[in-house]
Amino acid sequence: MIPLSYSYRNLRVRWKTTLMTASAFTLVVAALVVMLAFIRGVEAACAASGEPENVLLLAKGDNDEVMSRLDHVVASQAENTRGVARDAANQPLASRELFMVLQHQDEKTGSYRFLQLRGVLPAAFRVHTVVHVTVGQAFRPSQSEVMIGKAVQRETGFQVGDQIEIGRKRWRISGVFEANGSALESEAWTDLNELAGQFRREGAYSSVVLRARGAREAEELAERLAHSRSLRVEAMTETSYYQKQTEGAGVMRTAAWVIAWFMGVGAMFGVMNTMFAAIGQRTKDIAVLRIMGFEAGHILLAFLLEATLIAVLGGSLGLALGYAANGFTQSAAIGARQIDFSFRIDAGILSFAGVFTILMGVLGGGLPALSAMRVKPLEALR
Amino acid sequence: MHQFVLLILKNLGRHKLRTGLTALAVTVMVLLCIEMRTILGTVLRRVEAEGSQSRLMVTERWEMPSRIPVRYLPALARLEGVEDWTTWSSYPCYFHEARQVSQQAFGVATRPDNLVAMHAGLDKLDLSTIEDLKRQKSGAILAADVAKDLQCRIGQNVTLFSALDPLKTLRLKVVGILPVGEYPRVIFFRQDYFETATGNKDTVDIMWLRTRDAEAAQHVATQVQEYFRNRQPELKVETESAGVARFAGRSQSLLSVIRLVIVVLLIDMVVVLSNSISVATRERRVEMAVLKVLGFEPTAIMALVVGEAVLIGAASGAIGTTLAWACSSVALSGLLPPSGFTRLFYLFPIPIGTIWWGIPVGALVGFAGSIIPAWNARGIKVSDVFAKIA
């Protein structure tokens, strides 16, 4: 077996070429990591957006809150379904909600932007347990107050105490809330009745969220309501609702892989070039190695290793470069809503990128290594 | 000059494997780069170029999706400066009961008589198609990608399943197919049919107003704001370009990733080409020293190296873009079954003119990648090279 140091030293001797070839891998792997981090970030934001104990009810046929309309009768009936948890006062843990996407005009620039506004009752805080006010205080009912999610604050720059125009009134921002990085952070919350009154939606809700005792109970409740003959609603656990919203991410992941493979093939040809050049320069070395007793298989392995080392060097730098995107916050359109997400790089992505790098190195080094294996010692030394 | 080019060609032919591998690397990356650029370019073109400053988008002031009462329409159409108008009622739908993401489409109910005049990019639509739509109340014009997915032809019937209300199913007869790449996933049909089929006769989603120019549009916008200020519901008016840009802004993060990929591809091409040229230059130090002895100026040596890189880059660029165009053409020819691959080209078709784009890009990549190796070759000292041999 040819010592590993032989391959390593050869790379060091031709360090400029080694670095140049490796840098092609660096860029490819960095781009792959960023693309996968984007997709993982969107998926993670959606995954964090549902509480497994909660069951979301929408109008029959609707798959999004934006268009859904439920009336008072359906809401009351749903709240009293068996399996809905109750609080200390024996009231059902249920939240009637009115979700609206409003076109809010920036008072400074005059341009419009979308504002996702949710009208809720006090019960919402017991159902959506991840919501916590971090700055200021929660809105007070009938006081024309809204509280905004952390992501809305980041996007708009609104501060507690600011006044914004919604409908025919000016509303005061009472606080900023966090919701465990979920889609709720991209919303503003206000009093359901006041919001409904403002837009003539009294007695109509976009959704009703029911809380069960546990995740299993929530699944059973969702199943029961979805097949109920007396209640015509779409029922699903919150987690599966947000899971559905990320169906588009599957297409993005496929696209990312196709792009990465194409880029990888380009870098692979680069490695082939470098390795063929290296072999061309070292045919005499190879002949000497063969005469010293090293077998053709050893030569093959040594050159394959050299190509893989180049790929690993480039790939490692690429992983480090791509990792810089970790935590970078952006917003993306998921279905009818806009959510904030952070680029997320986890062990899975790093492993994928690592395997990809090694595979490209092996594929790129395979042909040159085979040609090195076939070098005839006597002819090479002649 | 002729001799010089011949010398470059001969040099490239001497190491066919290296030239071939370098060309393959650049070709593959140009192919991908052109598709990425087409996606980005198509989206930006729709936002910037087709978003007109003289066309106004009127919607309900606050809510999304918007609902404009039909009773407002006559007043809006009569405003001073309005040359033409149309309405949109949206119908998000699936064209299969299975309701998969890949079976989604966006139905748009609108006026058939001025469809071409009020919608940018429909100029290539056959006039007979519009006549058919006027005659056939349940007629529909499908985006090319939807027609491909449905594998339907003109004259066939299609059923659309509402994404919002399972009871509101539409049965339409295909009277035309939109030019490839225009209004992807959209199905146009008549407003009057929509009203009858769904029972929604009270509201429309958007009203589009066409004015003479941007100044007239501003005048109309002012009138709309004044006239509807204290009405319930209030109206909002903005130019088409502002409205389209606002919607496109929702995909900004995805566009940023595409931009990043294009930049990485371009840099990667430069690196791969530069590496290959560097290796070739190092191997030919003696030959270059001989050329200097024969009287070649250092700039001529430099031009020789740069010329090789530019030629290989330009040729690979042209091959890459030609391949990309060929893939797009095969996908659009209908020879391939519907898949993610064909759908991509229906959404973002690669026009034939793109082939020429590959040459300058490849040449520029070659130029950028060869500057350092060429500079090094220029500085080769004859005495050093021959001293080593001796």
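In this predicted model, the domain assignment divides chain A into domain 1, which comprises residues 4-47 together with 247-381, and domain 2, which covers residues 54-211. The C-alpha centres of these two domains of chain A lie 48 Å apart, yet 10 residues of domain 1 are in contact with 12 residues of domain 2. On the domain 1 side of this contact, the elements of chain A that give two or more residues are α2, β13 (329-334) and β14 (337-342), and the largest share, four residues, comes from β14(A). Sorted by class, that side of domain 1 of chain A consists of four nonpolar, four polar and two charged residues.

From the contact between domains we can turn to the contact between chains, where 40 residues of chain B are in contact with 45 residues of chain A. The side of chain B that touches chain A draws at least two residues from each of α2 (16-48), β2 (63-64), β12 (235-239) and α10 (252-283) of chain B, and among these elements α10(B) gives the most, with 16 residues. By class, this side of chain B holds 23 nonpolar, eight polar and nine charged residues. Strand pairing also links the two chains, in that two bridges join strand β3 of chain A, residues 94-105, to β2(B), with the strands running antiparallel. Within this pairing, Val101(A) has Met64(B) of β2(B) as its bridge partner.

The interior of the model can be followed through its nonpolar cores. In soluble globular proteins, nonpolar side chains tend to be buried together. Here the largest nonpolar core has 166 residues, and those with the most contacts inside it are Val33(A), Met35(A) and Leu57(A). Helix α2 of chain A, residues 15-47, provides the largest share of this core, namely 20 residues; the helix α2 of chain A is also one of the elements on the side of domain 1 that touches domain 2. A second core, separate from the largest one, has 51 residues and includes Phe95(B), Val108(B), Ala147(B) and Leu209(B).

Val33(A) offers a closer view of the surroundings of one core residue. Leaving aside residues up to four places away in sequence, Val33(A) touches Gly318(A), Leu319(A), Gly322(A) and Tyr323(A), as well as Ile345(A), Ile349(A) and Ala353(A). Val33(A) thus joins two parts of the description, being among the residues with the most contacts inside the largest core and having a number that falls within the 4-47 segment of domain 1 of chain A.

Methods: Residues numbered from 1 in each chain as written. Chains lettered and ligands numbered in written order. Predicted model: local features only at pLDDT ≥ 70, side-chain atom pairs only at ≥ 80, totals over all residues. Core = buried A, V, L, I, M, F, W, Y, C linked by C-beta atoms within 7 Å. Buried ≥ 20, exposed ≤ 12 C-beta atoms within 10 Å, placed from the backbone. Contact = placed C-beta atoms within 7 Å. Domains from an automatic or database assignment. Nonpolar A, V, L, I, M, F, W, Y, C, P; charged D, E, K, R; others polar. Pairing = 2+ DSSP bridges.
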